[in-house]
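How does one read the inside of a protein model? Start with the side chains that are packed away, then follow one helix, then look at single residues.

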Amino acid sequence: MKLESTPLDSGQILVSLAGRMDIAGAAEIENTFSALVSHAHVALVDMAGVTFLASIGIRLILANAKSLHKRGGTLVLFNCDPQVERVLLTTGVNELTEIVATRADANRFLVPAAG
């Protein structure tokens, strides 16, 4: 699995994922993904490259969404493959995350920088 991150304004990050979020893929990105999200208040996650989502990938997303939610933050998933989005919705991931179609939709959740 491939993970790229781009810091946005303070406390906000863009994470792009690509590959299969199966046992091997989730294990490959788990520590990095969790570390990035743990330092964010808003995490935008581009799922365009995710071709498969297993229960272990759902667990990774939910664990980090819960952590962010407890701190008053938001995890936003966008650009999901239709099959991946169906899995996310069917399993109730959308109860702890925002799932939107595009990056423009995801940007609505960004908080303007103070100053």
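This report goes from the nonpolar core to helix α2 and then to a few single residues. The model is predicted.

**The core**

In soluble globular proteins, nonpolar side chains tend to be buried together. Here the largest nonpolar core has 26 residues. L17, M21, M47, I61, L75, L77 and L88 have the most contacts inside this core. Which elements each supply at least two residues of this core? Three are helices: α1 (23-38), α2 (55-70) and α3 (82-90). The strands β2 (12-21), β3 (42-53) and β4 (74-78) do so as well. Apart from this core lies another one, of seven residues. L14, L44, V76 and A106 are among them.

Take L17 as an example. Neighbours within four places in sequence are left aside here. L17 is then in contact with M1, K2 and L3. L17 also contacts I29 and F33. Its other contacts are V45, D46, M47, G49 and V50.

V50 shows the contact from the other end. V50 is found in strand β3. Is V50 buried or exposed? With 1% relative accessibility, V50 counts as buried, because the cut-off for buried is under 20%. Not counting residues up to four places away in sequence, V50 touches M1, L17, A18, G19, M21, D81 and V84. One of these, M21, is 29 residues from V50 along the chain, and their C-alpha atoms are separated by 6.9 Å.

**Rings and a charge**

How many aromatic pairs does the structure hold? The number is zero. A ring can still meet a charge. The charged end of R20 sits over the ring of F52. The distance from that charged end to the centre of the ring is 4.2 Å.

**Helix α2**

Now follow one helix. α2 has 16 residues. From its first C-alpha to its last, α2 reaches 22 Å. That is close to the 22 Å expected at 1.5 Å a residue.

Which residues of α2 are buried? They are G57, I58, L60, I61, N64, A65 and L68. Why do they line one face of the helix? Seen down the axis of α2, the buried residues fall within an arc of 160°, so they line one face. A general rule helps here. An α-helix has 3.6 residues a turn, so residues three or four places apart point the same way.

The buried residues of α2 pack against the strands β2, β3 and β4. They also pack against the helices α1 and α3. On the other side of α2, S55 and K70 are exposed.

Two residues of α2 deserve a look of their own. A65 is in helix α2. A65 is buried, with a relative accessible area of 1%. Leaving aside neighbours within four places in sequence, A65 is in contact with L75, L96 and T97. I56 is found in α2 too. At 27% relative accessibility, I56 counts as partly exposed. With neighbours within four places in sequence left aside, I56 contacts M21, D22, I23 and A26.

**Along the chain and in space**

Sequence distance and distance in space can be set side by side. The table gives both for three pairs.

| Pair | Apart in sequence | C-alpha to C-alpha |
|---|---|---|
| I56 and D22 | 34 residues | 6.3 Å |
| D105 and V76 | 29 residues | 9.5 Å |
| A65 and V87 | 22 residues | 16 Å |

D105, from the second row, is in helix α4 (residues 103-107). At 25% relative accessibility, D105 counts as partly exposed.

**Positive phi angles**

Most residues other than glycine have a negative phi, and most peptide bonds are trans. Which residue follows α2? G72 does, and its phi is positive, near 80°. N79 is a residue other than glycine, yet its phi is also positive, near 60°. Where is N79 found? N79 is in the loop between β4 and α3. At 27% relative accessibility, N79 counts as partly exposed.

Key
Residues are numbered from 1 along each chain as its sequence is written. This is a predicted model: local features need pLDDT of at least 70, side-chain atom pairs count only at pLDDT 80 or more; totals for chains, interfaces and linings use all residues. Side-chain values use heavy atoms; hydrogens and water are left out. A nonpolar core is a set of buried Ala, Val, Leu, Ile, Met, Phe, Trp, Tyr and Cys residues joined through side-chain atoms within 4.5 Å. Buried means under 20% relative accessible area, exposed over 50%, partly exposed in between (1.4 Å probe, protein chains only). Helices (H or I, at least four residues) and strands (E, at least two) are DSSP runs, numbered from the N terminus. Contact means heavy atoms within 4.5 Å. Rings of Phe, Tyr and Trp (its six-membered ring) pair if their centres lie within 6.5 Å; planes under 30 degrees apart count as stacked, over 60 as edge-to-face and the rest as tilted. A charge sits over a ring if NZ of Lys or CZ of Arg is within 6 Å of the ring centre and within 35 degrees of the ring normal. The expected span of a helix is 1.5 Å times one less than its number of residues. The arc is that of the directions from the helix axis to the C-beta atoms.
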